[in-house]
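Visitor: Please show me the model, and let me ask how each term applied to it is justified.

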Amino acid sequence: MAIVNEAAAPAVRHHPSRSGFGLRAEVHDEIKNDFDSVLVQLIKAAGGTHQVGRLTFRLAQEFGFCYGVDHALDLAYETHVRFPDRRVYLTGEIIHNPTVNEQLAKMGYSFLRPGDDVTADDIVLIPAFGAPTHELERLKNVGCLLVDTTCGSVVHVWKRVEKYAREGFTAIIHGKYDHEETEATRSRTTLYEGGKFLVVRDRAQAQDVCDYIEGRGDRERFLAKYAAVATPGFDPDRDLERVGLANQTTMLSSESLEIADMVRRAMERRYGPDELKARFRSFDTICSATQERQDAILQLIEEPLDLVIVVGGYNSSNTEHLCEIASERLPTYHINAPECLVSATEIRHKPAFSKEEATTQNWLPAGNITIGITAGASTPNKVVGDCIERIAALAGAA
Ligand code: SF4
């Protein structure tokens, strides 16, 4: 299969700026000062439990910044120190956390908007989610310095999807079509002539795909629903004959595995077990940080808790999934800042599976209670610590 655009991404992916400017030690204290929390450090050192008056806080074993976010922030801070006088752009939010993005804005980073006149003298940071191939190509042609903070786990997914495209398999991506990471991942199929993708968001959509594979679908109805989240010109009769599964790194791990299994079984029923190897590929591309945080919240909600607070950006996919997991068992409140804790009776939060923020009354029960705490991979410990302090203050326990 001909490679039509291979020069675009690999050149960016291997850009020397990806490993930083040798200033890691220099920025370490500043990053710690901006995002770390003494309180959280103390609670961790004490085994994850913190008692204040009538409240007991229990921290999940894994939460907060992942290796990909640490890496992205190192590069952003190093760039700022190395080039204090250059114009620096971000192609989008470096990670999905308002506190972090506000901090970068204070340092002079601004979002690249259509029509911005980027020149060879400028610096552009590629976020941890990566960026679509056409955007990387455009910036490469401008000649600006690209600082690529794309997480290694995201690059791992790209490699998988590129392999599918190269070998004539349609990449079925379990993810959110408009999420920056999935946008970048699906664009990798364009590096190979005839490369195809189809994005499925959840089990229900995966079931539609399985039904079609097994001959139970209606072509017009299928295209009406899925043409917008697939390669232009997608033909389900042709493009679902050979499929490879991948996922956005931050999806619900159990759902991704189930979707891969559903599609595998559909292919087997349609074509028979002997054909499976030639027609089906799968690879779990949930990153280890996401997996560890999901495992940790599953473990935490086994404990006798009264409620769970999940801290993280409302547009953070991995944080949303932590909330979904906890809410199956306990009252759970996904908040994005301490200010969401309005009073001892009122909380602003984003309920599981909802797109909008809601307000709930009487969220903090009376008496001695235990509160589980977790946070997404893009949430600074500082915000987690501030939330714990605010809950304690609201409960009159500080
Ligand atoms: S959540 Fe996973 S893929 Fe995303 S930045 Fe963190 S380590 Fe990388």
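Guide: Let us start with residue classes: Ala, Val, Leu, Ile, Met, Phe, Trp, Tyr, Cys and Pro count as nonpolar, Asp, Glu, Lys and Arg as charged, and the others, Gly among them, as polar. Please note also that this is a predicted model.

Visitor: What makes up the shell around the ligand, by class?

Guide: The residues around the ligand are Cys 66, Tyr 67, Gly 68, Cys 151, Ser 153, Val 154, Thr 249, Thr 250, Cys 287, Ala 289 and Thr 290. A residue belongs to this group if one of its heavy atoms lies within 4 Å of the ligand. Sorted by class, the shell has six nonpolar, five polar and no charged residues.

Visitor: Which helices each supply at least two residues of that shell, and what is the space taken by the ligand?

Guide: The helices are H4 (67–82), H7 (152–166) and H14 (288–300). The ligand takes up the space of the largest cavity. The word cavity applies to a set of points where a 1.4 Å probe fits but cannot get out.

Visitor: How do you know that the length of helix H12 agrees with expectation?

Guide: The expected span is 1.5 Å times one less than the number of residues. Helix H12 (residues 253–271) has 19 residues and should therefore span 27 Å, and its end C-alpha atoms are indeed 27 Å apart. Buried residues in H12 are Ser 253, Glu 255, Ser 256, Ile 259, Ala 260, Met 262, Val 263, Ala 266 and Met 267. Just after H12, Gly 272 takes a positive phi of about 90°.

Visitor: How does helix H2 fare in the comparison with 1.5 Å a residue?

Guide: Helix H2 (residues 24–35) has 12 residues, and the distance from its first C-alpha to its last is 16 Å, close to the 16 Å expected.

Visitor: Why are the buried residues of H2 said to line one face of the helix?

Guide: The buried residues of H2 are Val 27, Ile 31, Asp 34 and Phe 35. Seen down the axis of H2, these buried residues fall within an arc of 70°, so they line one face. In general, an α-helix has 3.6 residues a turn, so residues three or four places apart point the same way. Ala 25, Asp 29 and Asn 33, on the other side of H2, are exposed.

Visitor: Why is Lys 32 called partly exposed?

Guide: The term covers values between the buried limit, under 20% relative accessible area, and the exposed limit, over 50%. Lys 32 has a relative accessible area of 37%, so it is partly exposed. Lys 32 has its place in helix H2, and its C-alpha atom is separated by 9.2 Å from that of Lys 382, 350 residues apart along the chain.

Visitor: What makes Leu 90 count as buried?

Guide: Buried means under 20% relative accessible area. Leu 90 has 2% relative accessibility and therefore counts as buried. Leu 90 lies in strand S3 (residues 88–90). The C-alpha atoms of Leu 90 and Tyr 109 are 19 residues apart along the chain and separated by 6.6 Å.

Visitor: Why does Gln 207 count as partly exposed?

Guide: Gln 207 is at 33% relative accessibility, and therefore counts as partly exposed. Gln 207 is found in helix H9 (residues 203–213).

Visitor: What is notable about phi in Phe 353, and how do you know whether this residue counts as buried or exposed?

Guide: Phe 353 has a positive phi of about 65° although it is not a glycine. Most residues other than glycine have a negative phi. Phe 353 lies in the loop between strand S13 (346–349) and strand S14 (358–361). At 65% relative accessibility, Phe 353 counts as exposed, the cut-off being over 50%.

Visitor: What is phi in Asn 362, and why is this residue called exposed?

Guide: Phi of Asn 362 is near 55°, a positive value in a residue other than glycine. Asn 362 is found in the loop between S14 and strand S15 (369–375). Its relative accessibility is 63%, so Asn 362 counts as exposed.

Terms used. Residues numbered from 1 in each chain as written. Predicted model: local features only at pLDDT ≥ 70, side-chain atom pairs only at ≥ 80, totals over all residues. Heavy atoms only, no water. 1 Å grid on protein atoms, 1.4 Å probe; cavity = no way out; pocket = protein on both sides within 12 Å on 5 of 7 lines; lining within 4 Å. Sits in = over half its atoms within 2 Å of the grid points. Helix = DSSP H or I, 4+ residues; strand = E, 2+ residues; numbered from the N terminus. Buried < 20%, exposed > 50% of the residue type's maximum accessible area, 1.4 Å probe, protein only. Arc of directions from axis to C-beta.
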